[in-house]
Each structure stands twice: as structure tokens, then as C-alpha cells.
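Biologist: I've never read a protein model before. Could you walk me through one, feature by feature?

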Amino acid sequence: MFRKKGYVIICGAVFFVAWNAVLLFFFLGRFPGYEGGESISEKDLQKGDIVEKLLQLISSFETELESQNKILLQIQSHKSLWEELPKKKNHTAFRNILGNRSNFTNVSSKFLPSRVVIPILVMACNRVTVRRCLDKLLEYRPSAELFPIIVSQDCGHTETANVIAAYGSKLTHIKQPDLSEISVPAGHNKFQGYYKISRHYRWALNQVFNTFSYSAVIIVEDDLEVAPDFFEYFKGLYPILKYDPTLWCVSAWNDNGREGYVDPTKSSLLYRTDFFPGLGWMLLKEVWDELEPKWPASFWDDWMRHPDQRKDRSCIRPEISRTLTFGRKGVSLGQFYDKYLRFIKLNTEFVPFTNIDLSYLEQKKYDEAFEKEVYNAPMVTVEELDNGKLSGKGPFRLQYSSSQSFKILAQKFGLMDDLKSGVPRDGYRGVVSFFSQGKRLYIAPPVGWKKYNPSWS
């Protein structure tokens, strides 16, 4: 249908140009001095016919121009509709395709350019070890054209700048120009670094979207190593992020994705999560246009997790992470690193996400299957698990009813126990999924859960 409309539009445009060319040739040919033209005789001049002929020609020319202008306006109107159709996130055609598992893998070909360009934005500062991040990105990158790498450097650190510059034309190196100290509220002097990071993010994302004019970006910090299928992962998930209004990011990170906490046989398994994971994530320009005017002065990632920004939207995250952090030192002074982050399992098996049916991630379908999976699972106690009384791989459900009971369970199983605006890490509809001792477990609120309590933080 789209190709047919495009053909009609192109034909109309060609006809418009050709017709006016013929008219111009015809009218110019009526005047003396143009080859093949019919000259005006002396007798005509004497009788004043030239004036009448000129008036007739001008009138005819104006009438034709008006007619052609109407045609051009119609062409532009149809062209506008044609171009805007794929941009409507809730378009019926897309919803029908999304609801059909067998057709969802065709969304890219039906609604997206065949060669979508998604840049990788590497946020750098003063780590010369950024080379580890860049080397892996360049090793696994399938196309320099489709995945250009932009390194945005803050801090003005010369040694790091030299490392980045050594890559030459393999990447684009931009530098945050404002290196001044930031005036912070009383008592926040020790958080100066968080203020600078937030300033850097705002500047760098504006460069990507407003200066370089990209429509999406994958953001990577300078202390992240990527998996072999990192690019395939984001390329496969770009269509669903683009057209599903209930999503606002795709992350390569699983907060509880340590060795032994993920199912090693489920490298292709993906989840919806209400928690913004970060650490290798994809953002669309339309979401940045929404966030940029109110971008915070500091602690941007926790700000992203607030209900005012999230607006009940979710992110996609994997069972097994596609990024691994190796940066213990930073503004957070190694918070969580030694206990959790250093043990994150990085995926090593290449998964062809662009050829996998991902329609199960559509919200309605996902929610129905997810709630059935969680709440049909038998509810068990910690003691039953400890005593080895449960057989099989599960799933099994452990229930919590308060922030304190959640923290007790999370700590018991070695999960990250903090909540942001009431949302637990990896949580979806209050449920945290993980693997333990070869069993699938869900830490879940009671049946009938409605919404998060922001005071649980």
C-alpha cells in the first residue's frame, strides 16, 4: 500500500515538473529572439495585436500556474500523510502486526528504513581504560556506517584524550566545553561529581540529537565492556521501542545478573522492567525532547526512575547482561561494585535477535503471561528452600508485603535490596525474577497488586 502511494506521488511530481517545462518552452517560443519562435509581425504591432496577445498569454500562464499549484499541494499533502504514518506509535496497522507473533519480525521491513543508523555514545572522562570499552565496540561492530561511535569527553584529562585520539577516523571525538566548577546546594560539595556528570549528559545528548541529528542513540559509559551480540541486541529491539508507547528505553543490563542468578540456558530471554537499569541503554529522540527541558542538575539516573519521568513506561532488559562494568573507581566510590557489579555475567553466546519473534514483549500479551506465570507458581517459604524440600526448577514464589519484608528476602538471596521511588531493581509490577540453586524464583507482592508506593525508598 505504501509503495503504491509512493509511486503515485513520484509520478505526480515528475508530471508537474515536465508539464511546466513544456509550458515554459511554449511561452518562450512565442517571443522574438528564441529559436523556433513565431515572431510578431510589423502589421501586428501597428494594429496593437501584440498587447492583446501578451494579455492572453499572461492570463493563460497564470491560470495554468494556479492549476499546477493545486496539483503540487495535493502531492505534498499525500506525501506528508505517507511519511507520518509509520511515526504514529499507536497506529492500527502496527498494533495488528505487534499482536501477531508470526509477523512481528517483519516490523523492521514494513515500517523502518532498511538501514537505520544508531550511533553509540561513549561517555568518557579521565579513565585511560576507555580503550577496553572502545576495543570491544570496534571488535564487535558489524558496520561503521550503521553504528558510528561518538566519544564525548568531559574533565579535560589529557592522557584520556590522547587514548581516544589514537583511534583516528574509527570514531568521532567531541569534548564537553564547560569544565567549570558547579555551584551546588549546601551540603552537596561531596556530590560535585554527580552535578558534572548530569551536565555532561545533557550536553552530549544534545550534540547527538540536535547537532548530529540522529533519531536514536545507544549510551555506554567508558567503563563498560560489551558482549559479542551487543549490536544485534539493540538492532533487534529498536522496532519495538520505536513503536510501542508503553516502552521508553532498552537496556543491556540486568541488575541481578550475577553468575548463578541467571539461567545460563536462556540467553535469548528478555523482560519488561519498571526499573530504569541504564548501563548500556537505547534512547529515542522524542523521549529526549520530553526530558531535556527538565533535565536535573544532578543524580540524573535516579531522577529517571521517578514516576514523573517514567510515567508508567517500562524498559526492556535481558536475562543475561550484554554489558559488564570494570570501573570500580568513580564518583560512587565503588558503591555496590565489590558486592554485586564485579560478578555480573556477560553473555558470550550470539543470539540473532533480528530474526527472533519478540511479540511476547507487547504489554498486554506480556502482562497476561507474566501474571499467570508468577501467581500460578506455588508460594513457598525461605525455610522450604533452605531445607531442600522443593523439587524441580520451579518457578516458585516468595511473597512480600512491605519494603522491609522485601529487603529481608532480597538480602537473604543476595539480591540488590534498594528501591527507587518504590520500584525494586529488575522489578516489573512489583515482581523480581531471579535464578537460585537451579530454580526460577519470583519475589512478588500479594495477588491484586495495583501500583508502587514511592515512600518505599
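Biologist: Let's start with a strand. Which residues point one way from β4, and which the other way?

Modeller: First, a caution: this is a predicted model. Now the strand. A216, I218 and V220 point one way from β4, while V217, I219 and E221 point the other way. Every one of these is buried. β4 covers residues 216-221, and six of its six residues are buried.

Biologist: What sits beside β4, and do those neighbours run parallel or antiparallel to it?

Modeller: The general idea goes like this. Strands of a sheet pair through backbone hydrogen bonds, either parallel or antiparallel. Here you get both kinds. With strand β1 (residues 120-124), β4 pairs in the parallel sense over four bridges, and M123 stands opposite E221. With strand β8 (residues 281-284), β4 pairs in the antiparallel sense, again over four bridges; there I219 stands opposite W281.

Biologist: What is the order of the strands in the whole sheet?

Modeller: Reading across, it goes β3-β2-β1-β4-β8-β6-β9-β7. That's an open sheet of eight strands with mixed pairing. At the edges are β3 (172-175) and β7 (270-273), each pairing on one side only. From one strand to the next, the twist averages 25°. Try another pair for practice: β6 (residues 247-251) and β9 (residues 314-318) run parallel and are joined by three bridges. L247 has S314 as its bridge partner in β9.

Biologist: Okay, on to the inside. Which residues of the largest nonpolar core touch the most other members?

Modeller: The general idea first. In soluble globular proteins, nonpolar side chains tend to be buried together. In this model the largest nonpolar core has 74 residues, and I120, L137 and F230 touch the most other members. The biggest contribution comes from helix α9 (residues 230-243), with eight residues. There's also a second, separate core of 18 residues, and L398, Y400, F434 and L441 are among them.

Biologist: Which residues is F230 in contact with, leaving aside its neighbours within four places in sequence?

Modeller: They are I120, L137, I218, V220, A252, R322 and T323. You've already met two of those: I218 and V220 point one way from β4.

Biologist: How many aromatic pairs are there, and how do I read one?

Modeller: A search of the whole structure finds 25. To read a pair, look at the distance between ring centres and the angle between ring planes. For F230 and F234, the centres are 5.0 Å apart and the planes are at 70°, so this pair is edge-to-face. Both residues lie in helix α9, four residues apart, about one turn of the helix. Both are buried, too.

Modeller: Now compare W281 and W300. Their ring centres are 5.8 Å apart with planes at 20°, so that pair is stacked. It links distant parts of the chain: W281 is in strand β8 and W300 in helix α11 (residues 300-304), 19 residues apart.

Biologist: Is W300 buried or exposed?

Modeller: Its relative accessibility is 8%. Buried means under 20%, so W300 counts as buried. W281 is buried as well, with a relative accessible area of 1%. Ring pairs also link these two into a cluster with Y201, W248, F276, W288, W295 and W303.

Biologist: And the chain as a whole: what share of its residues is buried?

Modeller: Buried residues make up 46% of the 457 residues. The chain has 15 helices and 15 strands, and it exposes about 23200 Å², of which carbon and sulfur atoms supply 54%.

Note on methods: Residues numbered from 1 in each chain as written. Predicted model: local features only at pLDDT ≥ 70, side-chain atom pairs only at ≥ 80, totals over all residues. Heavy atoms only, no water. Core = buried A, V, L, I, M, F, W, Y, C linked by side-chain atoms within 4.5 Å. Buried < 20%, exposed > 50% of the residue type's maximum accessible area, 1.4 Å probe, protein only. Helix = DSSP H or I, 4+ residues; strand = E, 2+ residues; numbered from the N terminus. Contact = heavy atoms within 4.5 Å. Areas by Shrake-Rupley, 256 points an atom, 1.4 Å probe, with all protein chains shown as cover. Pairing = 2+ DSSP bridges. Axes fitted to C-alpha atoms, helices over the stretch in contact; angles between N-to-C directions. Phe/Tyr/Trp six-rings, centres within 6.5 Å; stacked < 30°, edge-to-face > 60°.
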